[in-house]
Structure formats: C-alpha cells, structure tokens
Amino acid sequence: MYKRTTVLFGLFVSAAFVIVLGIWQISNGDWLAEAAAEQHTYTLTVSSARGTIYDRNLDPLTGIGKAIYPASVVPSGEAAAALSRVCSASEMSSIQFLLSKGKPFTLMLPSNVSAPNIDVFPEHERYAEDCPAAHVLGYLDGSGKGAAGIEKSFDNLLSSAKGDIKISYQTDALGRILAGTGKKVENNSKSRKKGVVLTLDKSIQEVAEKSATSHLKKGAVVILEVQTGKILAMVSRPTFSQTDVASVLNKEDSPLLNRTLSAYSLGSVFKLVSAASALEYGVSPDTSYNCTGSIDVDGQAFHCFEGEKHGAENMQQAIANSCNTYFVKLMQGVPQANFYNMAKSLGFGSSYEIAPGIENSAGTLPALNSLKIPRALANFSFGQGELTVTPLQAAALVNTIANGGVYLQPYLYEGIVDENLHFTEKAQTKTGVRVMSEKTASLLKSFMKASIDSGTSRKGKPKYGTAGAKTATAQTGKYIDGKELNECWFVGFYPYENPKFVIAVFSEGGEGGGQTCGPVFQEIADGLYGYVS
C-alpha cells in the first residue's frame with residue numbers, strides 16, 4: 001500500500017511539472033515576442049562643441065583646427081568592410097568588439113567614409129595646431145570647461161551655446177535596429193555660431209605671430225588701432241599647444257605666461273614721458289645739454305648706454321640717440337608732481353580690464369615722495385629703478401602720442417553674437433582723455449621719426465612708408481654666465497603721416513632694443529603696408 005501511494009504521488013508531481021513547464025514556455029515565448037515587437041528609441045550624440053570666439057571681422061578664431069570625422073555606425077558587413085579600408089589593424093581590433101555587440105555606436109574616423117550604415121559629420125577641431133592668439137583665447141580643462149583666457153572668462157556663454165549632433169534609431173527591447181524604421185538626425189550645430197567677438201584682427205595677428213616666432217624666444221608683441229585703442233594683435237612667446245597644456249606646466253621659460261599683460265623694466269621708452277612732462281611744463285625743445293657719457297647725481301654716476309658720449313644735444317637729438325644724461329639733467333628742472341602725474345595719466349601704475357575677466361597688470365609706479373630722492377628721480381627720468389610696465393601699457397603710451405595727445409585705454413572685447421552672427425551685446429565705446437597738447441604730441445612724433453631715420457631705432461625702419469619709434473635696453477640686475485640680462489623694447493607708430501597702428505615689441509633678453517626688436521617692428525610694419533596704402 002505504501003509503495004502504491006508513493007508511485008501515484010510521483011506521477012502526480014511529474015504531471016504537474018510538465019504542465020507548469022508548458023505554461024512557462026508559452027508565457028516566455030509570448031514575452032519574447034512582445035519584447036521583440038516593442039519599440040525603443042536609441043539615441044547617440046555624435047558631436048558636441050561649444051560656442052565660437054571671433055575676431056573683429058567675425059572670422060572664427062576657434063573651430064579652425066584640422067578636419068575631424070565624427071561618425072555614427074550601425075553594425076553590418078558593409079560598415080565593417082568600409083571601416084577596414086580607412087582604419088589601421090589595431091584600430092579595427094577595438095572596433096570589432098563594438099561591431100559584435102550589434103548596437104549603433106559613435107566613432108572618430110581618420111578620414112571621411114561614404115558607406116551604408118555609416119553617417120559622418122565632418123567638422124574641425126577647436127584649436128589649430130599653431131593657434132593664433134593662444135594666450136588670449138586660453139584653453140579648456142579635462143572636463144571641457146574654460147580654464148584660461150577668453151575660454152574661462154566667457155565659459156558660461158560658450159558652454160550654453162553648445163551645438164549637438166544626435167542620431168536616434170528605433171530598436172527592439174534587445175537593442176536591435178528595427179528594419180524599415182530609418183533614423184532621425186537632430187543637427188543643432190548652428191548653435192555653435194553663438195559666441196564672443198574680440199577686437200583682434202586675425203590677419204594682423206598672423207603677421208605679428210610670424211615675425212615674433214622668427215625673432216623672439218621670450219617676448220611679446222602688441223598692435224593697437226590708433227584712433228580707437230582697440231587691440232588688433234597680442235602675441236606672447238614662447239607659446240603652447242592648447243591640446244597639450246600639461247607638457248608645458250613646469251617649463252622654465254613659462255610658456256603659459258601672457259607676457260603682453262605682464263610687467264617688466266621699461267627703460268628708455270619712458271623718456272617719451274619725461275619729454276612730454278617737460279614740454280607741457282613749458283621747457284623748450286631746443287634746450288641743449290652737453291653729454292659727456294655720464295652725470296653725477298648725489299655722488300652716483302649715471303651713464304649713457306655703453307658709456308657713449310653724445311656731445312651737445314637738443315631734445316629731439318636726445319630722444320633719437322637715447323641719451324640718459326640729457327634726461328637726468330632735464331627732469332631736475334621739472335616739478336616732480338608734474339612728471340609723476342604725466343606718467344599716471346598715461347596709465348602707468350594702474351590695472352584695468354581689457355575684456356571681462358582679463359586684466360592688464362598695473363606694473364609698478366614709484367611713489368611721488370620717492371622722487372624727492374635725487375638718485376630715484378634720476379633713475380625714473382630714463383625709465384629705470386622701481387618702474388615696471390607691461391607691453392600693453394607701453395603701446396598705450398605711444399598710441400597717445402600718435403593720437404594727438406589723447407589717451408585711450410586699450411580694450412579687447414567687442415561684444416556677443418547670436419547664431420546668425422547678429423550682435424546681441426556690444427562693448428561700450430571707450431572715451432579718450434587728453435593728457436597732453438596736440439603740439440606736444442606733434443613734437444614727440446617728430447622726435448620719434450628722427451630716431452627711426454637716423455637714431456637708435458634705425459634697424460626698425462620700414463621698407464615701405466615712414467614711421468616713428470623709440471628703443472629701450474633696460475638693465476635688470478640679473479646675470480646669466482656673468483652677463484647682465486637686458487629687457488629690450490621697440491615701440492612705434494606706423495605710418496608717420498596719419499598713423500593707423502602702434503606696434504610694441506618686447507624681448508626678455510637680447511642685445512638691445514634696436515638690434516633685437518627692431519627687425520620685428522620692421523617686418524610687421526611692412527606686413528601692414530597693405531592696410532595703409
């Protein structure tokens with residue numbers, strides 16, 4: 001009896017199992033069928049880029065790098081064959097894994113491809129290999145946020161102008177593309193045209209970059225538009241790759257430093273300030289002094305460059321020959337407050353923004369009380385001692401002279417444009433301030449022309465047209481292998497009649513302002529000839 005009961009129970013359990021298994025198979029089959037029939041949307045972001053930075057002509061300064069080919073790939077035999085023709089064997093080994101998964105995927109191709117199941121959207125990398133104005137534009141961090149320059153100061157705007165390219169596919173629940181459903185492309189890349197407009201002129205920037213690269217290891221170039229104070233070019237050397245910032249972080253020559261906005265010893269270019277304050281005080285330009293190569297001030301000898309003896313000179317000759325002793329003597333007869341206030345009115349010792357978030361260094365302007373010390377006044381009279389100035393400030397000084405005595409604070413920011421390149425915001429026009437008379441400015445212009453025609457600025461004389469300039473070779477008190485490091489300058493305007501451009505050239509090191517920086521000025525002025533002829 002027990003055995004019979006056990007057998008019957010076993011038969012009952014087996015039958016129940018078969019019934020349950022059958023029900024499960026039917027249910028699971030239905031689920032699989034439903035899942036296969038259920039539609040899903042599978043979306044890929046093929047490309048995403050931020051807004052654009054433009055020059056004053058709305059010529060893009062970003063998005064101009066080498067051509068790149070972001071693509072969306074639907075796995076298939078045709079796609080695999082097409083990819084194998086443009087990708088290396090090592091690239092194909094990783095691509096095969098993506099192909100085997102059966103789902104669409106994105107890929108950056110080495111070149112364009114035209115094949116079934118591959119959609120390519122050619123565009124350009126954000127930065128060119130030799131990107132113009134790299135220090136001005138700045139760069140992005142690893143997350144794609146602005147980390148320096150305009151990229152940082154306008155990060156919110158440029159990020160919000162992001163333009164995406166997306167592709168959506170209809171798939172079943174298993175991720176398989178549903179035949180006959182096609183694809184949907186959402187191309188919002190036009191949004192990337194929104195952006196920031198700068199006063200830079202790309203073609204002028206390139207002229208300055210080319211010359212600076214040829215002649216300056218460490219230095220800077222600034223070009224201003226005389227009548228407006230707009231910054232048309234800013235070059236800092238050495239430069240860096242915006243796609244490989246990490247490689248220069250610890251370099252001794254500080255490639256990331258924007259030298260156009262950093263302060264250095266100015267030297268004899270500052271004699272223009274001395275001459276301006278003397279002329280405004282009523283000193284005659286015919287005032288003569290006999291240079292013997294040195295002058296004693298309170299027991300200390302102040303020398304001309306390399307001890308040169310210039311003999312009897314008036315103010316024009318002293319500027320042309322860059323005579324230190326003339327200006328040491330001259331400034332002993334000008335009230336110190338007049339001298340100091342002239343320097344201050346020309347922007348020395350003051351910092352200011354040239355664009356939102358980008359500031360020019362104040363440099364160092366000695367305190368007025370310090371000029372009561374005869375030796376300090378002597379140093380100040382020819383731009384030595386505590387005084388430090390940025391290349392932008394030096395350019396603004398000469399711009400004031402070229403502009404007839406009206407000081408204009410240089411600026412870089414022009415405004416903001418929408419995706420149709422219409423301005424939605426424009427920078428306020430800068431108002432000039434007269435800091436010296438037209439007569440004084442005219443005299444200084446003639447002094448600077450004498451310097452470039454027959455004085456220390458001869459090596460910067462343009463081949464085409466005329467110009468005015470002033471050189472400087474500032475002592476730093478720093479020595480390398482027993483030789484003092486000089487900071488060299490060449491700052492001038494071009495052309496002489498109706499000046500349009502001011503060009504400031506600075507070299508951190510070099511043989512002298514004329515010898516080291518003069519050829520840079522000459523090349524740039526000749527490169528600008530087409531803009532003035």
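Is Asn 117 buried, exposed or partly exposed? Hold that thought for a moment, everyone, and thanks for coming. Before I answer, please keep in mind that this is a predicted model.

Right, back to Asn 117. Its relative accessibility is 32%, so Asn 117 counts as partly exposed, because buried would need a value under 20% and exposed a value over 50%. If you want to find Asn 117 on the screen, look in the loop between strand S4, residues 105–109, and strand S5. The backbone is worth a glance there too: phi of Asn 117 is near 70°, which is a positive value in a residue other than glycine.

There is a second residue like that, Ser 254. Phi of Ser 254 is near 50°, again positive and again not a glycine. Ser 254 sits in the loop between S11 and H8. With a relative accessible area of 31%, Ser 254 is partly exposed.

While we are in that loop, let me point out a proline. Pro 238 also belongs to the loop between strand S11, residues 231–237, and H8. The peptide bond leading from Arg 237 into Pro 238 is cis, with omega near 5°. Further along the chain, you can look at Tyr 494 and Pro 495, which are joined by a cis peptide bond with omega about -10°. Pro 495 is in the loop between strand S23, residues 483–494, and strand S24, residues 501–508.

Now let's go back to S5. Asp 119 has its place in this strand, which covers residues 118–120. Which residues does Asp 119 touch, leaving aside its neighbours within four places in sequence? The contacts are Pro 70, Ala 71, Ser 72, Ile 167, Tyr 169 and Lys 183. To get a feeling for distance across the model, take Asp 119 and Leu 528: they are 409 residues apart along the chain, and their C-alpha atoms are separated by 45 Å.

Next, a sheet. Three strands make up an open sheet, in the order S1-S7-S8, with antiparallel pairing. At the edges are strand S1, 40–49, and strand S8, 183–187, each of which pairs on one side only. From one strand to the next, the twist averages 15°.

Let's walk through the pairings. S1 is joined to strand S7, residues 163–171, by nine bridges, and the two run antiparallel. If you want to check the register yourself, Thr 41 stands opposite Gln 170 in S7, and Ser 47 has Ile 165 in S7 as its bridge partner. On to S7 and S8, which pair in the antiparallel sense over five bridges. One handle there is Ser 168, whose bridge partner in S8 is Lys 184.

How many of the nine residues in S7 are buried? Seven of them are, so this strand is mostly covered, with buried meaning under 20% relative accessible area. As a general reminder for anyone looking at side chains in a sheet, in a regular strand they alternate between the two faces.

Last topic: helices packing against each other. I have two pairs for you.

The first is helix H2, residues 77–86, with helix H3, residues 89–101. Their axes come within 11 Å and cross at roughly 165°. That makes H2 roughly antiparallel to H3, because angles over 145 degrees count that way. The crossing of H2 past H3 is right-handed. On the H2 side we have Ala 80, Leu 83 and Ser 84, and these meet Met 92, Ile 95 and Leu 99 in H3. By type, the residues of this contact are five nonpolar, one polar and no charged.

The second pair is helix H8, residues 271–281, with helix H14, residues 438–454. The axes come within 10 Å, and the crossing angle is roughly 140°. This makes H8 oblique to H14. H8 also passes H14 in a right-handed crossing. From H8, the residues Leu 272, Ala 275, Ala 276, Leu 279 and Glu 280 meet Thr 440, Leu 443, Leu 444, Phe 447 and Met 448 in H14. Here the contact divides into eight nonpolar, one polar and one charged.

That's my tour. Over to you for questions!

Notes:
Residues numbered from 1 in each chain as written. Predicted model: local features only at pLDDT ≥ 70, side-chain atom pairs only at ≥ 80, totals over all residues. Heavy atoms only, no water. Axes fitted to C-alpha atoms, helices over the stretch in contact; angles between N-to-C directions. Helix = DSSP H or I, 4+ residues; strand = E, 2+ residues; numbered from the N terminus. Parallel < 35°, antiparallel > 145°, perpendicular 65-115°, else oblique. Left-handed = near helix turned anticlockwise from the far one by under 90°. Contact = heavy atoms within 4.5 Å. Nonpolar A, V, L, I, M, F, W, Y, C, P; charged D, E, K, R; others polar. Pairing = 2+ DSSP bridges. Buried < 20%, exposed > 50% of the residue type's maximum accessible area, 1.4 Å probe, protein only.
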